[in-house]
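Trainee: I would like a close look at a single part of this model. Please take it step by step and keep to what the coordinates support.

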Amino acid sequence: MKRFMQTCYKCNCDVKPSKVKREGIELNCMHCPECNEDYFTSSELIKFDILTGKRKNIRKFGTLGDSTIMRIPTHILKAYKIKPGDYGVFEEKSEGILIKTVPAKEVKA
Ligand SMILES: [Zn+2]
C-alpha cells in the first residue's frame with residue numbers, strides 16, 4: 001500500500017501501515033500508535049463496501065453477447081429521470097468517466 005499520509009491528522013504522530021478487520025474483512029490502513037486512529041484510502045473503503053454488499057453506487061461490469069454492460073442503480077435512474085431510449089454521453093475526465101444524460105425527446109428533429 002502506498003503511503004498516502006505520513007502523520008496523524010489528530011495528534012501529528014507518525015502513522016504506520018497496518019491491517020484491521022472490519023466486519024470480517026481485512027483492510028489496509030495507516031495506524032496511529034498514539035491515539036489509535038486508523039486511516040483508510042478511498043479504494044480500501046470501496047473494497048469494503050463491495051465485500052459487505054453496501055453497494056448503493058457501485059455496479060459490476062458484465063457481458064451480454066459481445067457487449068460489456070453495466071446496470072444503473074434505480075435511485076440514479078429516478079433522480080435523473082432516465083428512461084429507456086434516452087442517451088448517455090460519456091465524457092472522459094481525469095478522475096474517471098462522467099455520463100451526461102440527454103432525454104430522447106430533446107433529440108427529435
Ligand atoms: Zn494520532
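Is Tyr-39 buried or exposed, and at what relative accessibility?

Mentor: This is a predicted model. Tyr-39 has a relative accessibility of 11%; the limit for buried is under 20%, so Tyr-39 counts as buried.

Start with the ring of Tyr-39. Searching the whole structure turns up one aromatic pair. The partners are Tyr-9 and Tyr-39, with 5.3 Å from centre to centre and 85° between the planes, an edge-to-face arrangement. Tyr-9 belongs to the segment before E1 and Tyr-39 to strand E3, so the pair ties together parts that are 30 residues apart in sequence. The partners have separate accessibility classes: Tyr-9, at 64% relative accessibility, counts as exposed, whereas Tyr-39 counts as buried at 11%.

Next, the sheet that holds strand E3. An open sheet is formed by three strands in the order E1-E2-E3, with antiparallel pairing. The edges are taken by E1 (16-22) and E3 (38-39); each has a single partner strand, so one side of each is left without a neighbour in the sheet. E3 is joined to strand E2 (residues 25-31) by two bridges, and these strands run antiparallel. One residue pair can be named here: His-31 has Asp-38 in E3 as its bridge partner. Helix H1 (residues 42-52) packs on this sheet, where it touches E1 and E2; the direction of H1 makes about 160° with that of E2.

The zinc site involves residues from the same stretch of numbering. Which residues are the protein donors of the zinc ion? They are Cys-8, Cys-11, Cys-32 and Cys-35, each through SG, lying 2.2 to 2.4 Å from the ion. Their spacing in sequence is C-x2-C-x20-C-x2-C. Why is the arrangement called tetrahedral? The four donor atoms subtend angles of 101 to 123° around the zinc ion, and the class requires all angles to lie between 85 and 135 degrees, so the arrangement is tetrahedral. For reference, the ideal angle for four tetrahedral donors is 109.5 degrees. Accessibility can be given for two of the donor residues: Cys-32 is buried, with a relative accessible area of 0%, while Cys-35 is partly exposed, with 33%.

To put the part together: Tyr-39 is in strand E3 and pairs with Tyr-9 in the segment before E1, E3 is joined to E2 by two bridges, and the zinc ion has four Cys donors, among them Cys-8 and Cys-32.

Definitions and conventions: Residues numbered from 1 in each chain as written. Predicted model: local features only at pLDDT ≥ 70, side-chain atom pairs only at ≥ 80, totals over all residues. Heavy atoms only, no water. Pairing = 2+ DSSP bridges. Helix = DSSP H or I, 4+ residues; strand = E, 2+ residues; numbered from the N terminus. Contact = heavy atoms within 4.5 Å. Axes fitted to C-alpha atoms, helices over the stretch in contact; angles between N-to-C directions. Phe/Tyr/Trp six-rings, centres within 6.5 Å; stacked < 30°, edge-to-face > 60°. Buried < 20%, exposed > 50% of the residue type's maximum accessible area, 1.4 Å probe, protein only. Donors = N, O, S within 2.8 Å, 3.2 Å for Na, K, Ca; no water. Tetrahedral: all angles 85-135°; square planar, octahedral: opposite > 155°, others 65-115°.
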